[in-house]
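Trainee: I have a structure open on my screen and I'm not sure where to begin. Could you walk me through it?

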Amino acid sequence: MSNLQLTVHEFLTIMGTLDEHLEEAGFEGESAIYDSWYQQWRDVEAKVEKLSMMDRADMLFDGKVTINDIPNEHLIEVRACINEQISIHKKMIKENDVDADPDDLEIWENRLAAIKDL
């Protein structure tokens, strides 16, 4: 088992996306990381919400969330979530979406490359 370190932004994005997918499915689907990380997600989200705008921005990109002893099934799901983010950002860039940001795409591509060896 490996340890996984994500920025707070990456962690919240992954969990928020999983929450949206499960909500759309009426919470009928399953997600190993959603169930395992749910309380940590809510705790981190509550801490971020209490911060001022500047402190919140610092926390999102400089703050870290570490998942210790992450099992392989969780890594597989994390990789799938990251691939989904990559696809979303590529599509936004291709469509010249006003929210498209090549830097965001690069963040997700770098995260995927970093966890491929775990």
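Mentor: We will go through a helix, the core, a pocket and a few single residues, keeping in mind that this is a predicted model.

Trainee: Okay, helix H1 then. How far apart are its end C-alpha atoms, and does that agree with what we should expect or disagree?

Mentor: H1 has 17 residues, which at 1.5 Å a residue should span 24 Å, and its end C-alpha atoms are 24 Å apart, so the two agree.

Trainee: Which residues of H1 are buried?

Mentor: The buried residues of H1 include Val 8, Phe 11, Leu 12, Ile 14, Met 15 and Leu 22, and Glu 10, Thr 17 and Asp 19 are also among them. The buried residues of this helix pack against S1, H2, H3, S2, H4 and H5.

Trainee: And what comes after H1?

Mentor: H1 is followed by Gly 26, which has a positive phi near 65 degrees.

Trainee: Let's switch to the core. Which residues touch the most other members of the largest nonpolar core?

Mentor: That core has 28 residues, and those touching the most other members are Leu 4, Phe 11, Leu 12, Ile 14, Trp 37, Val 78 and Ile 82. Two or more residues come from each of strand S1 (2-7), H1, H2, strand S2 (64-70), helix H4 (72-94) and helix H5 (102-115), and H1 gives the most, with seven residues.

Trainee: Phe 11 is on that list, so what does Phe 11 touch?

Mentor: If we do not count residues up to four places away in sequence, Phe 11 touches Leu 6, Trp 37, Gln 40, Trp 41, Val 44, Val 65 and Ile 67.

Trainee: What about pockets? Which residues line the largest pocket?

Mentor: The largest pocket holds about 160 Å³ of space, and its lining is made of His 9, Leu 12, Thr 13, Gly 16, Trp 41, Glu 45, Val 48, Glu 49, Arg 56 and Leu 60. By type, the lining divides into four nonpolar, three polar and three charged residues.

Trainee: Which helices supply that lining?

Mentor: Helix H1 (8-24), helix H2 (32-49) and helix H3 (53-62) each supply at least two residues of the lining.

Trainee: New topic: is His 89 buried or exposed?

Mentor: His 89, which lies in helix H4, has a relative accessible area of 9%, and because buried means under 20%, His 89 counts as buried. Leaving aside neighbours within four places in sequence, His 89 is in contact with Asp 104, Leu 105 and Trp 108.

Trainee: And Arg 111, buried or exposed?

Mentor: Arg 111 is found in helix H5, and its relative accessibility of 16% makes it buried by that cut-off of under 20%. With neighbours within four places in sequence left aside, Arg 111 is in contact with Gln 5, Leu 6, Thr 7, Glu 10 and Ile 82.

Trainee: Back to phi for a moment. Why would a positive value catch your eye?

Mentor: Most residues other than glycine have a negative phi, so a positive value outside glycine is worth noting. Asp 69 has a positive phi near 50 degrees, and Asn 96, which is not a glycine either, has a positive phi of about 55 degrees.

Trainee: Where are Asp 69 and Asn 96 placed?

Mentor: Asp 69 is in strand S2, whereas Asn 96 is in the loop between H4 and H5. Asp 69 counts as partly exposed at 48% relative accessibility, and Asn 96 is exposed, because its relative accessible area of 65% lies over the 50% cut-off.

How values were computed
Residues numbered from 1 in each chain as written. Predicted model: local features only at pLDDT ≥ 70, side-chain atom pairs only at ≥ 80, totals over all residues. Heavy atoms only, no water. 1 Å grid on protein atoms, 1.4 Å probe; cavity = no way out; pocket = protein on both sides within 12 Å on 5 of 7 lines; lining within 4 Å. Points joined across faces, edges and corners; volume = space filled by probe spheres on them. Helix = DSSP H or I, 4+ residues; strand = E, 2+ residues; numbered from the N terminus. Nonpolar A, V, L, I, M, F, W, Y, C, P; charged D, E, K, R; others polar. Core = buried A, V, L, I, M, F, W, Y, C linked by side-chain atoms within 4.5 Å. Buried < 20%, exposed > 50% of the residue type's maximum accessible area, 1.4 Å probe, protein only. Contact = heavy atoms within 4.5 Å. Expected span 1.5 Å × (residues − 1).
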